[in-house]
Amino acid sequence: MSRFWSPIVHTLTPYTPGEQPKITNLIKLNTNENPYGPSPKAIDAMQAAVSDLLRLYPDPNGDALKDAVAHFHRADGITRANVFVGNSSDEVLAHTFQALLKHAAPLLFPDISYSFYPVYCGLYGIDYRCVPLNDAFAIDTNDYSGGGAMIFPNPNAPTGILLPLAQIEALLKAHPNQVVVVDEAYIDFGGTSAIALVNQYDNLLVVQTLSKSRSLAGLRVGFAVGHADLIAGLERVKNSFNSYPLDRVALAGAVAAIEDTGYFNQTCTAINTTRDTLTKSLIELGFEVLPSHANFVFVRHPHHDAAKLAQSLRERAILVRHFKQPRIAQFLRISIGSDAECAALITALQAILNT
């Protein structure tokens with residue numbers, strides 16, 4: 001604390017990221033990182049970008065990346081004008097909160113959701129209301145009325161539960177004068193992207209990241225897809241903050257990763273297969289496993305405290321995520337690792353449960 005702080009700094013409750021321990025030989029299943037490395041083509045592209053040209057500023061608009069995203073979603077009629085790019089989906093979300101989500105009516109988002117949402121609201125002075133998930137820990141779109149704009153992850157985090165595209169479209173139809181932001185960090189592991197609806201609804205913005213399904217969490221690249229007028233608002237905020245959010249190396253790697261659809265499909269399929277195997281094994285151990293369409297599972301055991309399970313796993317050099325918040329304090333979020341890592345997790349849990 002300092003007497004030089006601006007008044008708002010005293011009011012902030014910063015986001016707490018997942019632990020990144022500086023310890024070797026850990027099985028790290030706590031931050032939803034991809035167990036497979038980036039596309040070899042992306043690595044080659046980044047290595048090639050490390051050249052004398054780094055003395056020059058990168059493209060402030062990231063047009064090559066916008067074009068790559070648009071081409072990937074060309075079947076949905078997406079063009080460069082529909083795409084915004086930024087330094088991680090967190091930065092894209094931050095600009096979204098400031099550009100599109102601060103209105104007289106409170107912003108709506110789930111009570112169990114991405115914990116950065118209330119942080120952004122505190123930072124930007126946005127009034128908000130949390131909408132409880134139903135008893136099955138799913139989003140009920142009928143509850144999203146009487147407020148303003150809305151944002152939610154799909155699949156939701158940390159539950160992993162998917163909201164079907166038809167329900168998202170019904171929400172858009174019911175609230176044509178409110179912005180609806182769908183945060184799709186995990187959509188590539190089993191859902192249908194709402195990008196398919198962008199050209200039908202001018203109030204829809206879809207945010208995605210390259211951190212999960214494209215194995216580039218260390219690169220920090222995200223993007224949004226929406227009506228050109230929404231994108232223009234994001235560009236105005238971005239260019240009032242940082243005109244060069246993505247460096248030359250990041251742009252090169254991101255473009256190559258998006259273009260390598262074969263590797264993308266291969267690794268997503270492998271993760272989904274491992275998730276199904278892990279889910280079956282956890283159920284056999286007596287865990288309740290919420291239906292996941294993400295690269296993680298959200299589980300609880302009826303006879304074992306979640307915090308104690310997390311600590312016991314940690315003592316065996318396995319990290320999982322425990323959330324100390326109402327309604328989910330007895331759940332653990334377990335990232336999908338490699339087959340070998342998930343097998344080691346099950347072996348450790350068998351030993352712990354039998355102690």
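## A walk from the pockets to a buried strand

The second largest pocket has a volume of about 440 Å³. Its lining is made up of 18 residues, and those closest to the centre are Val320, Arg321, His322, Phe323 and Lys324. Keep in mind as you look around that this is a predicted model.

Which elements give two or more residues to the lining of this second largest pocket? They are helix 10 (306-315), strand 11 (318-319) and strand 12 (321-322). Helix 10 makes the biggest contribution to the lining, with four residues. Sorted by class, the lining of the second largest pocket holds seven nonpolar, seven polar and four charged residues.

Now turn to the largest pocket, whose volume is about 620 Å³. Here 32 residues form the lining, and Tyr15, Thr31, Tyr114, Tyr186 and Lys212 are the closest to the centre. Helix 4 (residues 89-100) supplies the largest share of this lining, three residues. By class, the lining of the largest pocket comprises 13 nonpolar, twelve polar and seven charged residues.

Let us step back for a moment to the chain as annotated. An unreviewed UniProt entry places the feature "domain: Aminotransferase class I/classII large" at residues 25-349. That span is 37% helix and 15% strand, and the C-alpha atoms at its two ends lie 18 Å apart.

A good strand to explore next is strand 7, residues 204-209. Is strand 7 mostly enclosed or mostly open to the outside? Buried here means under 20% relative accessible area. Six of the six residues of strand 7 are buried, so the strand is largely enclosed by the rest of the structure.

It helps to look at the two faces in turn. In a regular strand, side chains alternate between the two faces of the sheet. On one side of strand 7 sit Leu204, Val206 and Gln208, and on the other Leu205, Val207 and Thr209. Every one of these residues is buried, and both faces of the strand are covered.

Finally, consider the strands that pair with strand 7. Strand 6 (residues 180-183) runs parallel to strand 7, and four bridges join the two. To find a point of contact, look for Val182, which stands opposite Val206 of strand 7. Strand 8 (residues 222-226) pairs with strand 7 in the antiparallel sense, over five bridges. In this pairing, Val207 has Ala224 of strand 8 as its bridge partner. Thus Val206 faces a partner in Val182, while Val207 is matched with Ala224.

Methods. Residues are numbered from 1 along each chain as its sequence is written. This is a predicted model: local features need pLDDT of at least 70, side-chain atom pairs count only at pLDDT 80 or more; totals for chains, interfaces and linings use all residues. Side-chain values use heavy atoms; hydrogens and water are left out. UniProt positions are given in the numbering used here, feature names are shortened, and annotations may be inferred rather than shown by experiment. Buried means under 20% relative accessible area, exposed over 50%, partly exposed in between (1.4 Å probe, protein chains only). Two strands pair if DSSP finds at least two bridges between them. On a 1 Å grid over the protein atoms alone, a cavity is a set of points where a 1.4 Å probe fits but cannot get out, and a pocket is an open set with protein on both sides within 12 Å along at least five of seven lines; lining residues have an atom within 4 Å of a point. Grid points are joined across faces, edges and corners, and a volume is the space filled by probe spheres set on the points. Ala, Val, Leu, Ile, Met, Phe, Trp, Tyr, Cys and Pro count as nonpolar, Asp, Glu, Lys and Arg as charged, and the others, Gly among them, as polar.
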